[in-house]
Amino acid sequence: MRLLKSLFRKKGRSESLFRYLVSLSHLWLGLLSALVIFIVCLAGSLYAFRTPWQQFQNRELLNAAVPKGGGLMQAEEIESLFHDRGLVIESILLPSGKKKNLFVSYRERENNLIATGYFNPYTGEEVKGQFDSSSEPFFQMLLNLHRNLLLGSTGKQIVGISVIIFVILLFSGLILWWPKSRRWRTIRASLQVRGKANSFQLNYSLHRVLGLYAFPLLLFIALTGLYIAYPWMKNTLIVTLGGEPILQKEAPAGEEVSDAFAALMQEMLEKEQEKMREDQSARLSLSELQAMAERYLAYEGTTTIVMASAENPRYRISKVNTHNLFGAKVTDGVTFDRQGEMRSLERFSDLPLHRQFIAISLPLHTGEIIGLPGILLYALVSLIGCSLPVTGFLIWWKKAVRSGR
C-alpha cells in the first residue's frame with residue numbers, strides 16, 4: 001500500500017502544478033524504463049572497449065619491433081621487396097605511427113592466390129601469427145544486448161521507446177533540479193546543504209549531481225543512438241542539417257533521377273570506358289601514388305592505398321585526417337586512373353553538413369571519433385547513465401518505505 005501511495009503523492013503546498021506533474025512523470029517514466037536503461041547503458045559502456053581490447057590482444061601483431069638504428073622503409077623499397085618475393089601488392093595500409101606494422105593484401109604472381117599479413121615497416125619481414133578475434137562473440141553479444149536486449153525486433157522497439165523515455169527523463173530531471181539548486185557543483189556541497197550524510201542523502205546527491213554533469217553527453221549519446229536505430233530520426237536530423245530525406249514515398253512515373261544516382265551512374269560508365277581504352281598492364285608505383293595523393297591530401301595520417309585491378313581500373317588513396325579542432329578522425333579520399341589523372345576527390349571538410357553527420361554518426365555515438373580518450377569519456381558517461389536508474393529507484397524506495405507518501 002505504501003508503495004502504491006508513493007506513486008500518487010499529494011502536491012506540496014508551495015509546489016506548482018507544473019512541477020508536481022513533472023515530478024510524477026519523472027517518477028513513473030523512470031520506474032517504467034529503469035531496467036532497460038540500466039542494461040543498455042552497461043552494455044554500451046562495455047562494448048565501447050571492443051577496439052582497444054582487440055588491439056591489446058593483438059599488440060604483438062600490430063606493434064612493430066623497432067631495430068636499433070633502423071629506419072622506416074620507403075614505399076619503393078617495400079614494393080621492390082615484395083616484387084623480389086614474387087608477390088604483387090593489391091592494397092597496403094601505412095600507419096601514421098612509427099611503431100605500427102604495415103597491413104598488406106598481396107597476390108602471388110604465379111598462381112594469383114590472395115593473402116593478407118602484417119609486415120615490419122623497418123625490415124619488411126612478415127610478422128607471424130593471426131589476428132586474435134576470440135573476444136568478438138562476447139562483444140557481439142554486448143552489441144545485441146545494447147540494441148535489442150537479445151530479443152530481436154521486439155527488443156529493438158523496447159529499447160527505442162526506453163531511450164525516448166530516457167531523453168524525456170533527462171529534461172524533466174533538469175527541470176526538477178533547476179528552480180531550487182544553488183550549491184550543485186559537487187556531491188559534498190550537495191550533502192552539506194542537507195546536513196549529515198546518510199545513504200538516502202548520498203543517493204539523492206549522486207542522482208542529481210552526476211545526472212547534471214553528464215546531461216549534455218547523455219543527451220547526445222541518446223539522440224545519436226536514435227539516429228542510428230530509427231529512419232524517422234535519421235530523416236529528421238538530415239533534413240534539419242539541410243539534406244533530403246532518405247526514405248521517400250514511391251516516386252511518380254517520369255520523375256527525374258536524383259543527382260546522387262545520376263552521379264553514380266556516370267561514374268560507373270566512366271570506369272567501363274577506362275577498362276576498354278586503358279592499358280591494363282600499366283601500373284603506377286606506391287611512391288608515385290603517394291606523391292600524387294600528397295598534392296590533394298597534404299598532411300600526415302594513416303594512409304590506405306588500393307591498387308587498380310581488372311575489375312576496378314582506378315587507384316584509391318584514403319587518409320585519416322585528424323587535423324581539426326577536436327582531433328576527430330575523419331577520412332578523405334582521392335582516386336586516379338591508370339594514367340595518373342585525378343578522377344575524384346572527396347574531402348570530409350568539403351561535404352555538406354548532413355553528409356558529414358552521416359559519415360561520422362556511428363563514431364560520434366561511441367566516442368571512437370577522437371580515439372581512446374573519447375572511448376574512456378563515453379564509457380564513464382554511460383556508467384553514470386547506468387547509475388541514474390539505480391539511484392533513482394533507491395530514492396523512491398527509501399521515501400516510500402520511510403514515509404509511505
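**A buried histidine, a pocket and two unpaired cysteines**

His365 has a relative accessibility of just 14%, so this residue counts as buried. The model is a predicted one, and in it His365 sits in helix H13. What does the side chain of His365 reach at 3.0 Å? One partner is the backbone oxygen of Ile221. Another is Thr224, whose side chain makes a polar contact of 3.0 Å with that of His365. Leaving aside residues up to four places away in sequence, His365 touches His146, Ile221, Thr224, Gly225, Ile228 and Tyr378.

Helix H13 (353-366) also turns up in the lining of the second largest pocket, where it supplies at least two residues. Helix H3 (50-57), strand S5 (315-321), strand S6 (330-336) and helix H14 (372-403) each do likewise. The space in this pocket comes to about 1,300 Å³. Its lining is made up of 36 residues, and Thr51, Gln55, Thr302, Val320 and Lys329 are the ones nearest the centre. Sorted by kind, the lining has 17 nonpolar, 12 polar and 7 charged residues.

Then there are the cysteines. How many disulfides does the structure hold? The count is 0. Cys41 is in no disulfide, and the nearest cysteine sulfur, in Cys386, lies 5.3 Å away. Why is there no bond from Cys386 to Cys41? The 5.3 Å between the two sulfurs is too far for one, because a disulfide needs sulfur atoms within 2.5 Å. Both cysteines are tucked away from the surface in terms of accessible area: Cys41 is buried at a relative 13%, and Cys386 is buried at 5%.

Technical notes:
Residues numbered from 1 in each chain as written. Predicted model: local features only at pLDDT ≥ 70, side-chain atom pairs only at ≥ 80, totals over all residues. Heavy atoms only, no water. 1 Å grid on protein atoms, 1.4 Å probe; cavity = no way out; pocket = protein on both sides within 12 Å on 5 of 7 lines; lining within 4 Å. Points joined across faces, edges and corners; volume = space filled by probe spheres on them. Helix = DSSP H or I, 4+ residues; strand = E, 2+ residues; numbered from the N terminus. Nonpolar A, V, L, I, M, F, W, Y, C, P; charged D, E, K, R; others polar. Buried < 20%, exposed > 50% of the residue type's maximum accessible area, 1.4 Å probe, protein only. Polar contact = N/O pair within 3.5 Å; in protein donor to acceptor, adjacent residues only side chain to side chain. Contact = heavy atoms within 4.5 Å.
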